[in-house]
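Visitor: I'd like a close look at just one chain of this model, with the helix packing and the odd spots in the backbone. Could you walk me through chain B?

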Amino acid sequence: MAEPSSNSPRLPLPDGLVPEEVVVRTEKRWFMIMAAMLVVMMAVIVATGITGALHPSSNVEVIDPTTLHLQGEFIESNLGTAFEPDGSVTVRIIAEQYEFVPQCLQVPVGTPVKFRITSADVVHGFLLPDTNVNTMVVPGFVSEVRTRFSKQGDFAMPCHEFCGLGHHAMWAHVRVVPKERLGNPTSLARVTCATQ
Amino acid sequence: MQRSSRLALLHYWVAFATFLPAVLLGAWQMLMRSPLPAPLDDSAAYYASVTLHGTAMAYVVTTFFTMGFGYAVAATSLGRPIRGVTAAWIGYAICLLGTVMAVVTILAGQASVLYTFYPPLLASGWYYLGAFLLIAGSMVWVVLMILNMAAWKRDNPGVPVPLPMFAITATAILWAWAAAGVLLELVCILLPRAFGGSELIDAALGRTLFSVTLHAIVYFWLMPAYIAFYTLVPRAAGGRLYSDTMGRLTFIMFLVFSLPVGLHHLFMDPEHGSGFKFLQSSLTFLVVLPTLLTVFSISASLEIAGRVRGGRGLLGWIPALPWDEPMVLAVGLSLVMLGLGGFGGLINMSFAMNSMIHNTSWVTAHFHLIFGGAVVIMYFAIAYEMWPRITAKPLRSKRLARIQLWSWFWGMLITTIPWHIAGLMGQPRRVANFDYSDPLMARMGPLVIISVIGGLVLLGSAILLIVVLVRSHFGAAERVEPLGYAIAVNPPVRVAPALNGFGLWTAIVFVLMILTYGYPIGQFFILKSHSVPAVEITMPDAGGAP
């Protein structure tokens, strides 16, 4: 059987138990405090975003995924880590069902690194755990992420967006090594783990 | 009135009948991706299951529940039968047909693209058609809510629309706007491609249109919980609603602020510039405001109830509340989960911090805590409150109902706290199985196992929910007092026209949407060729459907 309702018989409460002015005053006060809190949070986001230069890939750069292997910067011989004249490096990667090309990358520690990555088929994702490096990879567009690795080590690099029934197999690795290990910085040869 | 009640009940049935198997799938998925052995260890089945779990929870359970809730609210708060019952049944049939079509296609293994579609992946057209019918069918409900409120206003000039009806109409208008994104994606991009009407697929435009839906849909799920907060909770606690005006403002703010913010789901996408991402990130902060105001209003309402019941001192009113009432217990547990999940949400919406956790288990944890926790626990409480009124059969028993609410609460915490931590450690989401011998994954193993335990607790709780409802349904009929809504401390005598209708607010939403989404959507008509070939999703071995 049902238990008796604990709040019946109901107490007939009078109208205006709390005067209208009190209701309005307390609500206004709460509103001001909450609005101020949000303004502070927003200011922190803006300040850290600008000073930390934390910019998710937003370059809106169009590319034709059907001709990646034929022309342009994503031909196979140009994939991997390349040195720029200013000493920074650019890493070019293709994501496709269900692998990254190249599967293993080497990048120098303490050097500005620019990842340029695009997809040959569906939407993929690119994530280096424990870092800010994170982007979607959408076919038809190039994603560009800039970072600088502060310590050496091996990073696993999973695809983090559902890309089909083999999605779980799509993992690659990034090795952060001393700059000297990557050979002559002026060389035009592209570096991957395999070339070492 | 009888016909309106029946309408509500049949909607609730579909929602809860879908809910239990969807929870079962969720529990199995957690086992599957853990280091523990799982029955039917098959990754293709996993992705079909994720698609079904998402489709069931995000589209079917929520839409049917909210529609049923809306019909019940319209009939009881306006105190008259719903107008357009025939149209409502037609809408119900369309939604049901769409549901069956989508579910069958997923079970056949032809639609493992997840409920968020992810073009250029391409599922069977029947899945898209099913989703379209379900969502488009619910527009009948939207129109009926608007018409019922308008008709009541005509018959009662100058009288404030009762808060529950005002709020459910806000929900309906919000849903119409939110659904516009996914409906456009289906009609303009996915259905033509799936049924052979186009060659290429505009994946980036599809993602952008879906982002219009993706945030506001969450508020569509949330609104019944908030309506319960304002209109059912204070009465169940034996008190009064602190402020009717704050209720109206809250629902207006949800309508206006939850829409022009969807781009924050695409922070990490390369097809949008930082300007509009940043604009929508800023607007997302505004949507926090109605929640913060609600927490104050509901706490104040509960304090009134607690003091009337003899609570003294600064916090003495809290133990004085009737915690044995499922509705009161649910709101307490809901606010705890809303608080925890809300802080996670603040991190997600932050333009830069998002890159730490985007597409990791952190995000899965966040929305399970907010929707699966704070919102769904209020769905349970609403069911416990309404079922007896609709069926004239009292709840058997309140104690079991309380155990069910507590177990859902603990199950959700045990599930989502480890997910949050694993997400921070870099565990990607939507992955069928992990190599736990990898050093990165090895340290997450114990966390994932703990979350499996939470999943089993949730499954037990979902079974208990159905047991309570079915037992009550087959109990003896009894006179049950009709559903009543909380009265404000100072009942509104007259309210400003802007707080009694949605004309102004719909116009503001329109302008905001043009400002925030005009360029992000419009750019795809200017950008050179970026449409791409579709990639059909097929099971690895033909005929090997799970």
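Guide: Here is a tour of chain B, from its overall build to its helix pairs and then its unusual backbone spots.

A word on the source: this is a predicted model, where local features need pLDDT of at least 70 and side-chain atom pairs count only at pLDDT 80 or more, while totals for chains, interfaces and linings use all residues. Residues are numbered from 1 along each chain as its sequence is written, and chains are lettered from A and ligands numbered from 1 in the order in which they are written.

Let's start with the whole chain. Chain B has 17 helices and four strands; helices (H or I, at least four residues) and strands (E, at least two) are DSSP runs, numbered from the N terminus. Its C-alpha atoms fill a box of roughly 60 × 50 × 45 Å along the principal axes. The radius of gyration of chain B is 23 Å, which agrees with the value near 24 Å for a compact globule of 546 residues. That radius is taken over C-alpha atoms, and the globule rule is 2.2 Å times the number of residues to the power 0.38. Of the 546 residues, 60% count as buried. Buried means 20 or more other C-beta atoms within 10 Å of a residue's own, exposed means 12 or fewer, and partly exposed is in between, with C-beta atoms placed from the backbone.

Now for the helix pairs. Two packed helices are described by the angle between their axes and the distance between the axes. Axes are lines fitted to C-alpha atoms, for helices over the stretch in contact, and angles run from 0 to 180 degrees between N-to-C directions. In chain B, α1 (residues 2–32) and α16 (residues 445–473) pack at about 165 degrees, with axes 9 Å apart. That makes α1(B) roughly antiparallel to α16(B); the cut-offs are under 35 degrees for roughly parallel, over 145 for roughly antiparallel, 65 to 115 for roughly perpendicular, and oblique for the rest. Residues of α1(B) including B:Phe16, B:Leu20 and B:Leu24 meet residues of α16(B), among them B:Leu456, B:Leu459 and B:Ile463. Contact here means C-beta atoms, placed from the backbone, within 7 Å. By class, this contact has 16 nonpolar, three polar and no charged residues. Ala, Val, Leu, Ile, Met, Phe, Trp, Tyr, Cys and Pro count as nonpolar, Asp, Glu, Lys and Arg as charged, and the others, Gly among them, as polar.

Next come α8 (residues 244–257) and α17 (residues 503–522) of chain B, whose axes come within 9 Å and cross at roughly 25 degrees. These two, α8(B) and α17(B), are therefore roughly parallel. B:Ile252, B:Leu255 and B:Val256 in α8(B) meet B:Trp505, B:Ile508, B:Val509 and B:Leu512 in α17(B). That contact divides into seven nonpolar, no polar and no charged residues.

Last, the odd backbone spots. Most residues other than glycine have a negative phi, and most peptide bonds are trans. B:Tyr118 is not a glycine, yet has a positive phi of about 45 degrees. B:Tyr118 sits in the loop between α3 and β1 of chain B and is buried, with 23 other C-beta atoms within 10 Å. B:Pro120 is in the loop between α3 (85–107) and β1 (121–122), and the peptide bond from B:Pro119 to B:Pro120 is cis, with omega near 10 degrees. B:Leu40, also not a glycine, has a positive phi of about 55 degrees, but B:Leu40 counts as exposed, with 11 C-beta neighbours inside 10 Å.

Methods:
Contact = placed C-beta atoms within 7 Å.
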